[in-house]
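Subject: Structure for you to look at

Hi,

Here is the structure I promised to pass on. Have a look at it first, and then read my notes underneath.

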Amino acid sequence: INGLMDRDSMVLWCVPSLVSTTKWTPCRNQYGIIYFSNQFVCTRQCTTQNMVHANGNTIHMQVKKKVNPLPFYDNGSVQKINQKSTAMINKKKKKSKSEFPKIKKHSALGMLVDSGVLSKSQAFQAAKRHPRAVEYMIRSGNCAPVNALSKLGIDNARIARIIVAFPAVLSYRIDTRLDALVKYLLDLSLTREQIATLISMFPPLLGLNIRTNLASKIEFFRQLGISDERIGLCLLRSPHILGLSMKNSFDPKIEYFKDLGLSPSEIGKLINTSPFVLGLSLESCIIPKVGFLKDLGLNPSEIVAVISRQGSIMGLAKDQLHARVEYFKSIGLKSSEIIRLVRSNPQVLAFSIENNMRLKLMFYCDEAKVITRGNEAQLVKTYPALFNYSLEKRLRVRLLYLKSRGMTKRITMNALCFKTDAQFVKVDADSTLAEYMKFRTNYLSKQQQKKSQEKKIPQESKSVKVKSSSRLKSQLISNPSESLTSTPTSTNLTTLHIDVASQPLHLQLLSPLVLNQIG
C-alpha cells in the first residue's frame, strides 16, 4: 500500500493485520496512481475526510483532492497506469519549475535580496508577476532605481512594495525619468513627501509617459474647472485614476453625467470631491445607484443635486444603501421623511450605521440627554445634519467642557453642534477661546494615549489571558460543579472569554451561573 500510494494527495493510517484478513479494492487518485482500500465509497465531489470501516476497525483516510474509484485491475494494468501517472507527475513538476524561474545572484532581484531590500518571497512574487524581471542585471554595482527612490525619501519597505507591484521599474533609467516626473508633479503644488506617497500608492505611475498620458489627464481636470492645487489632492486621494484610459473610462462617464442632467460645474464639483468615480464601472456601479435613488422617490433634479453634493454614494454597495434606509425606518421615519432627509442632507447615505449614526443617537439620548429614548425620529427630522459632526472632536468635548464649568442647563443641540468654537465659548460657556482650545487639546491627547495603550498590549499579558481562559474552560468542561466553587479569585476573570455556544450542553446550561460567579 505504501509503495502504490501517492503521499502528496492523501495520508493513510491502517492496521497491518487488515491487509491479510480483508479484501482490498484498488482505486486511483487524481494522478491515476493505484492504491487499495477496503469498502471504500467515494464520489467525484469527495474532497474531505472519509472513514473506512473493516471488521470493526477503522481506517482514517484523509483525501485532499478528488478521487475517482476504479474497478479491479490486474498487475499488468496497474503497472501501466502507474507508469503513465509518473510521467504526468514529472511533467507537472517541470511545468512548476518553469513557472518559478531561478533568480540569479548577479541579477537585479538577486542583489536586492542580498542587500536586504527584498526578501526571497518578495523576489519570487516580482518574478511571478513579471517573468522578465529575472533577466534584469545591475552593471554599475548599485541599483539605480533603488537609489533614486531613496533620494526621494522612500524607505526600503516601501521600495520593496513598489518593486513587487511594478517589477518593470528595474529596467528603467529611473534617475532621468523620476526627475522629470517629480518636476512635473511639483508644478501641481505637491511636495516631495506627497510625491513619494503618490508613487508608493500607485507604482505604475513610474511607467507612465508624461506627454502622452499624464499631461492629457491633467488637462482633463483643468477643463472641468479644477485648480492645479486641487488636482494634486485628487491624485493623492485616488492615484489609480492615472492608469485609466481617457477614451474607455473618462469620456463615457462624463457623457453619462451630462445626459443625466449635471452641468459642467456640477460635474467638476463631483470629480473634485470624489475623483474615484472615474474608476467605477458605469454599468455595474453608477447606473444601479442612480436607479436606487429613483426607486427611493427622488425626481431627476433631486438626483442630480444628491450626486453632485455627495458623490461618495456611487462607491457604496446597493445593500449598504438599502441598510441605511431600513435603519431610518427602524427609528420611526416614514418614507416621505426619509426622502426629505436625503434631499436636505445626502451625506446620511454614506455614514456608517454602527460607527456613526447609532453611536451619535446614543450620545444625544444617554450622555447629552437632549432627547429621550423613542424620540430619535423627531430629533433626526428637526436636525438633519446632526450626524455630520465628529463625536470625539466636537460633540463630546463640548459636553465635557460645559459640565466642567457647571453649565449643564446650557447643553443644547445648538451649543453642541451648530455654533462655531468662538460662538460656543462666548454665548454658551462664558469663557475664552484659548481656555477652550487648551481643554480640547488635553482631552484629545488623553484619548490618543488611551488608544495607543490599548494597541500596545504586552505579548506576555496576552499569553497569560489565553492560558487562564483555557484553564477555566478545561475546568468547566471536566468538572463544572467543582470549578464553580473553586474558581481562583486572584485571576482577572474579566479578561476570560468563553464561547458558550461551542461548548457541551452541560456548560451551556451552567453559563448563567458562571456569569454570576464571575460578576
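Below is what I found, going from the whole chain to its core and then to the parts to read with care.

First off, this is a predicted model. The average pLDDT for the chain is 75, and 67% of the residues reach at least 70. Two stretches fall lower than that cut-off. Residues 462-468 have a pLDDT below 50, and the model gives this stretch five contacts beyond near neighbours in sequence. Residues 504-519 also stay under 50, with 18 contacts beyond four places in sequence.

Now the overall picture. The chain has 519 residues, and 40% of them are buried. DSSP runs give 25 helices and five strands. If you take contacts between residues at least 6 apart in sequence, 66% of them link residues at least 24 apart. The accessible surface is about 29,600 Å², and carbon and sulfur atoms account for 52% of that.

What about the inside? The largest nonpolar core holds 123 residues, and those touching the most other members are Leu109, Leu178, Ile199, Leu205, Ile307 and Phe328. The top contributor to this core is helix H13, residues 282-296, which supplies seven residues. In soluble globular proteins, nonpolar side chains tend to be buried together.

Which residues does Leu205 touch, leaving out those up to four places away in sequence? They are Leu181, Leu185, Leu198, Ile199, Leu214 and Leu242. Ile199 is in that set, and Ile199 is also among the core residues that touch the most other members.

Cheers

Terms used
Residues are numbered from 1 along each chain as its sequence is written. This is a predicted model: local features need pLDDT of at least 70, side-chain atom pairs count only at pLDDT 80 or more; totals for chains, interfaces and linings use all residues. Side-chain values use heavy atoms; hydrogens and water are left out. A nonpolar core is a set of buried Ala, Val, Leu, Ile, Met, Phe, Trp, Tyr and Cys residues joined through side-chain atoms within 4.5 Å. Buried means under 20% relative accessible area, exposed over 50%, partly exposed in between (1.4 Å probe, protein chains only). Helices (H or I, at least four residues) and strands (E, at least two) are DSSP runs, numbered from the N terminus. Contact means heavy atoms within 4.5 Å. Accessible areas come from the Shrake-Rupley method with a 1.4 Å probe; for residues, only the protein chains shown count as cover. pLDDT is the predictor's confidence in each residue, from 0 to 100.
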